[in-house]
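Colleague: Could you walk me through how the two chains meet, and explain the terms as we go?
Modeller: Happy to, let's look at it together.

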There are 2 protein chains.
Amino acid sequence: MAAVASFLRVDSFESHPSRYRHWKLSIAGDIATLVMDIDEANGLRSDYLLKQNSYDLGVDIELHDAIERLRFEHPEVRCLVLTGGQPKVFCAGANIRMLATSTHHFKVNFCKYTNETRCGIEEASAESGLHTLAALNGTAAGGGYELALAADSIALIDDRSSAVSLPEVPLLGVLPGTGGLTRLVDKRKVRRDLADVFCTRAEGFRARDAVKYRLVDVSYPRSSWEPSVQRLAQEKAALSPARATQGITLPPIEVEVSEAARRYRYADLELDFAGRTATLTVRGPDASAPVDAAALRAEGAGTWSMRAFREMEDALLHLRFNHPDVGLLLLKTRGDAAAVLAHGAALAGLRGDWLADEIHHYQARVLRRLDNMSRSMFAVIDPGSCFAGVLFEAALAADRLYMLDDPSVTIAVSEASAGSLRMSHGLSRLVNRFSAQPSDVDAALATNGAAISASEALDLGLITFAPDDIDWEDEVRIAIEERASLSPDALTGMEQNLRLVGPETCETRIYGRLSAWQNWIFQRPNAVGEQGALTLYGHPEQPRYDWGRT
Amino acid sequence: MAAVASFLRVDSFESHPSRYRHWKLSIAGDIATLVMDIDEANGLRSDYLLKQNSYDLGVDIELHDAIERLRFEHPEVRCLVLTGGQPKVFCAGANIRMLATSTHHFKVNFCKYTNETRCGIEEASAESGLHTLAALNGTAAGGGYELALAADSIALIDDRSSAVSLPEVPLLGVLPGTGGLTRLVDKRKVRRDLADVFCTRAEGFRARDAVKYRLVDVSYPRSSWEPSVQRLAQEKAALSPARATQGITLPPIEVEVSEAARRYRYADLELDFAGRTATLTVRGPDASAPVDAAALRAEGAGTWSMRAFREMEDALLHLRFNHPDVGLLLLKTRGDAAAVLAHGAALAGLRGDWLADEIHHYQARVLRRLDNMSRSMFAVIDPGSCFAGVLFEAALAADRLYMLDDPSVTIAVSEASAGSLRMSHGLSRLVNRFSAQPSDVDAALATNGAAISASEALDLGLITFAPDDIDWEDEVRIAIEERASLSPDALTGMEQNLRLVGPETCETRIYGRLSAWQNWIFQRPNAVGEQGALTLYGHPEQPRYDWGRT
């Protein structure tokens, strides 16, 4: 009785508080409150209802929008209270029928996006001091509790019915794959046997045990819930640093869309469906860099450092969700390397200014989305390109770098590569690249923005290949054709194992290990077969398992 | 045209050099040479030929046997040379037809076993100073090169034809899953873009480029190959510590086998097929502990600390391969806790004696096989049990610990839990357990072998549940039934994410991340479907891929 999997084209990854269907954002002083109150009839597809405050991608796009707006539009906010707007249930997690009827590809991308949103909540705390308090005024089940796990602190109402739970394993035969397992033991440090009990107990634990097992930080009875949460939020806000009193506005992204292209001011995404490749071309600045903090504020989200990255992010998300068959992404740039470096230097010079810092963190997030693409990526460094500074970081995210050996083509490494644009495991892309020889990192950084020729870049280990103009066209073409001919599954697995070297963090464990196991389980008949648990959830029939353990 | 997957029952995991079909072990002074010369007609199944020095599980069982025997029977050996006995090809990796016709379950267990053997080679170097030199006198492809990656150093013959390669992604649509991807970038620190090129290039690289890209350490021309390898082996041996001149003998394991049980002297594995559970009962010592190094040597592999763990290991391997439907392993003990502690204290008191140390490392390896079971595990601590010292470590490997709250039932924590029996990530099981509160580790260790009651154990956080005798039977029975009813896939994924907390190593990345991606790929039609690459390898047809990237 497996329903036919539905391919969903996602029209937009943008939203605005005035258009939220599922959340209510309010701000009072330095405390923001985001109330989850899902409009069950307004899911992204019409063949499921978002009952019990359960979510789909559309709900998460709004959540992501809210977090980004708090960072840029409301720097006065120091504590975000996440709470529920429906009785009894804070959030029941990802909608099961949506999951059961989605393609494998969509499920995996949905999980990746929601994971990025949750890692973004944690990053807002770490980088911008935005404390998030999950105020669970009802049951938080599955992805609902996983959302809470992304918060800095969790309060649960003590009312004899509300509980936290991860019922995925016992009820659905899948994992709490939105970071739940990892955050339970690695972030909240729940003892592994108690985590085991919790994750196999569909009903979860109510307040008293939830506190005892470290599943939540605190509980309050219903009678004093609201003032207690309010007081806790004020305490947390008081502990967070003040950033600024006045934000900037994030305007809608302007894009011209055709069947095979998305064209923005500073970026183009062009799709070659027959070749199964896409080309993302980022253009350098067309205006001089802001001279001081006031100028940067005046430019706001229009400043190149911000706008180009918003456009890149939008292009990457569309590629991920809407063009699964496009397996290879070519990264190109066009423009003036000196201008790119000047904009980077301007941001770096303003380090400590809240907006300059936020833009810098935002660039880092977009670059991490790039690291986390399940597509092969080649940087193509050719005439007219401007792979300098922060744009060279994008090239370092690629699996290979091809650079034309011609005097007119150069790259430049700036202090943008010195570590502040960290990858998921906390290392810079240069440190990640040169694990065999840390002194190679220093050698690259010592070039300090100077133009680097192809042969120098080869010597410095910054690029992979440097064909001359006789070989360039054939060599790049053949590499592209070869790559596009390989098994897309094997490439995804290979890239997941080669891209990040060395230490691991909660974040890398979520994307590298937890997601891999979830992907595996999402394929297995025990979950998605006709008699699988995910397929049959909500039906009277019991799932029937193939009991073989692997 | 997918062949029907064959279920293979593995009759024995034992071997002996006198019976090797695929390897030749010779020892000269402090250098051992293990020549891979696979008898193609003597695979474990008769429906494939082990051409081109390709291997199956039977080959790896012999390799594992050889490594263990070098550690125990030949402590005079300080360098092991791994080389090939056939012209042109050192080793072509795991046999493709064997993989293409095996069940998913067998493939995954086969990979896990071969990974454990390779991690064992590295552990023999780290713990016992046994340097392994892979002397590649022909092409090392796929698993053949992955075997070399497990060595401390790699020499490749420079003869214009021999190469190292990982052709899995381009030719088979699967990963080099025997640690290849991880060891390439994390152990050998090959630059990620060069690793990308290497892993997508079916023909690999010959000597000159292989040295340049750090894929091998050194190359020698054919004319000087043998003396060069010999000299290098001597150099490496000279750098390794001397251990001892005389080893002990590893006798065959004595076991009485029936359909539902394997009975050894110190261990019983009993299978409940209807309940899909197995019980592993380990018995404590029936003789006093060796009083000194000479006594330990005289007891040899018969000493309880060794024999009980050899029997446990054999039982665990049979459970893994031959009883995939048995999803829950109950761990029990019977005997005298004081005797267990006395044997542990004797070993600890002999620290520095080569044999005592080898036995200790061996116990650690068996316990890591236990951590790495894809089965749920409950420790059942009941009357007559002796969960003390090293046996309590086995209990700590379980997902949950149930202990009867009765004065007659106690556990004991000894210095066996202080860190020397490390898990794959390098931490002790207590440190892994108490990540939230490191002082809990000290509190447990401070009990120093004293009998700990159920209520004390609960307070110390050492056990999960302590029902009294009124509740015991029902509570344990219900827990077992519940566990055995859950999705086996979801449990495997859950346990993989909860059991190891904190830091990661090559080893955890291989089992946790690389294996998860390989499991996923092993399920996908692009590999194992009728037109998948693994299915069609060796056939004239080209694979046809579903291009969707996830």
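Colleague: How many residues of chain A and chain B are in contact?
Modeller: On the side of chain A there are 87 residues, in contact with 88 residues of chain B; contact means heavy atoms within 4.5 Å. This is a predicted model, where local features need pLDDT of at least 70 and side-chain atom pairs count only at pLDDT 80 or more, while totals for chains, interfaces and linings use all residues. Residues are numbered from 1 along each chain as its sequence is written, chains are lettered from A and ligands numbered from 1 in the order in which they are written, and side-chain values use heavy atoms, with hydrogens and water left out.

Colleague: What area is buried between chain A and chain B?
Modeller: About 8,100 Å², with carbon and sulfur atoms giving 56%. Buried area is the accessible area (1.4 Å probe) that two parts lose on being put together, summed over both.

Colleague: Why are the two copies said to be related as by a two-fold rotation axis?
Modeller: Chain A superposes on chain B by a rotation of 180° with 0.0 Å of shift along its axis, at RMSD 0.0 Å. The fit is by least squares on the C-alpha atoms of residues with pLDDT of at least 70 in both. The copies are therefore related as by a two-fold rotation axis. The same surface serves both copies, since 100% of the contact residues of chain A recur in chain B.

Colleague: What makes B:E495 and A:R549 a salt bridge?
Modeller: The rule asks for a side-chain nitrogen of Lys or Arg within 4 Å of a carboxyl oxygen of Asp or Glu. The side chains of B:E495 and A:R549 meet at 2.7 Å, N to O, so the pair fits the rule. Across the interface of chain A and chain B, 16 salt bridges are found.

Colleague: Why is B:R513 called buried?
Modeller: Buried means under 20% relative accessible area, exposed over 50%, partly exposed in between (1.4 Å probe, protein chains only). B:R513 has 5%, so the residue counts as buried. Leaving aside neighbours within four places in sequence, its contacts include A:Q496, A:L500 and B:D186.

Colleague: And A:A233, buried or exposed?
Modeller: A:A233 has a relative accessible area of 0%, so this residue is buried. Its C-alpha atom is separated by 6.3 Å from that of A:C79, 154 residues apart along the chain. Again leaving aside neighbours within four places in sequence, A:A233 is in contact with A:I31, A:C79, A:V81 and A:L133.
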